[in-house]
Structure formats: structure tokens, C-alpha cells
Amino acid sequence: MKKIEAEKGCRYLCHEWRKKCGYQEVDNNQLHASEFISWLKKNHPEYLSFRCTMGVNYQIELWFDQEFGLTWTR
């Protein structure tokens, strides 16, 4: 999978994960990328197979943080 495809899917799945795991009412600051990545590994492992210089988990954590406003960058 290309990184751009993984990014699009992971950003979408961040919100799906939140709904499916019952975190809709949880404050964004209480959401954890590590839980999302574990869920992703079990349910959508294809999104973990892309090339990335920073490392796949780091990149997914960055996208997760951006989706939930946990970083200064977008």
C-alpha cells in the first residue's frame, strides 16, 4: 500500500475506532494512539504496510494526533 492510501484510510479509521470502541464521549486528550494502533493491527492490518522513514507506528500516531487536535500541525 502507498503511504498516501494508508494515510487516508488511517485518518478515516481513527473516527471509526472511536465510534466502535465507545469513545465518542471521551475527551480527545484521553484518547491513546497506542490503543488505536492495537485495534488497527487486529482489524485492518493492511494499513500498517507502507514505507515510511520515521517508522509506521510513529507516522500513524502523528495522523491520529492530528485527527483529534492533539498536535500543533495538521
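The following paragraphs lead through a predicted model, from the start of the chain to its first helix and then to its aromatic residues.

The chain opens with M1, which lies in the segment before helix α1. With a relative accessible area of 41%, M1 is classed as partly exposed, because that class covers values between 20% and 50%. Although M1 and S49 are separated by 48 residues in sequence, their C-alpha atoms are 6.1 Å apart in space. S49 is also one of the residues that M1 touches when those up to four places away in sequence are set aside; the others are A6, E46, Y47 and F50.

Helix α1 runs through residues 3-20 and thus comprises 18 residues. From its first C-alpha to its last it reaches 25 Å, close to the 26 Å expected at 1.5 Å a residue. Its buried residues are A6, G9, C10, R11, L13, C14, E16, W17 and R18, a list in which charged side chains such as R11 and E16 appear beside L13 and W17. These buried residues of α1 pack against two other helices, α2 (33-43) and α3 (56-67). Just after α1, G22 adopts a positive phi of about 75°.

The aromatic residues form a further part of the picture. Seven aromatic pairs are present in the structure. In one of them, F64 and F68 meet edge-to-face, with 4.9 Å from centre to centre and 70° between the planes. Both F64 and F68 are buried. These two residues belong to one aromatic cluster together with W17, Y23, F36 and W39. Within that cluster, W17 is also among the buried residues of α1.

Terms used
Residues are numbered from 1 along each chain as its sequence is written. This is a predicted model: local features need pLDDT of at least 70, side-chain atom pairs count only at pLDDT 80 or more; totals for chains, interfaces and linings use all residues. Side-chain values use heavy atoms; hydrogens and water are left out. Helices (H or I, at least four residues) and strands (E, at least two) are DSSP runs, numbered from the N terminus. The expected span of a helix is 1.5 Å times one less than its number of residues. Buried means under 20% relative accessible area, exposed over 50%, partly exposed in between (1.4 Å probe, protein chains only). Contact means heavy atoms within 4.5 Å. Rings of Phe, Tyr and Trp (its six-membered ring) pair if their centres lie within 6.5 Å; planes under 30 degrees apart count as stacked, over 60 as edge-to-face and the rest as tilted.
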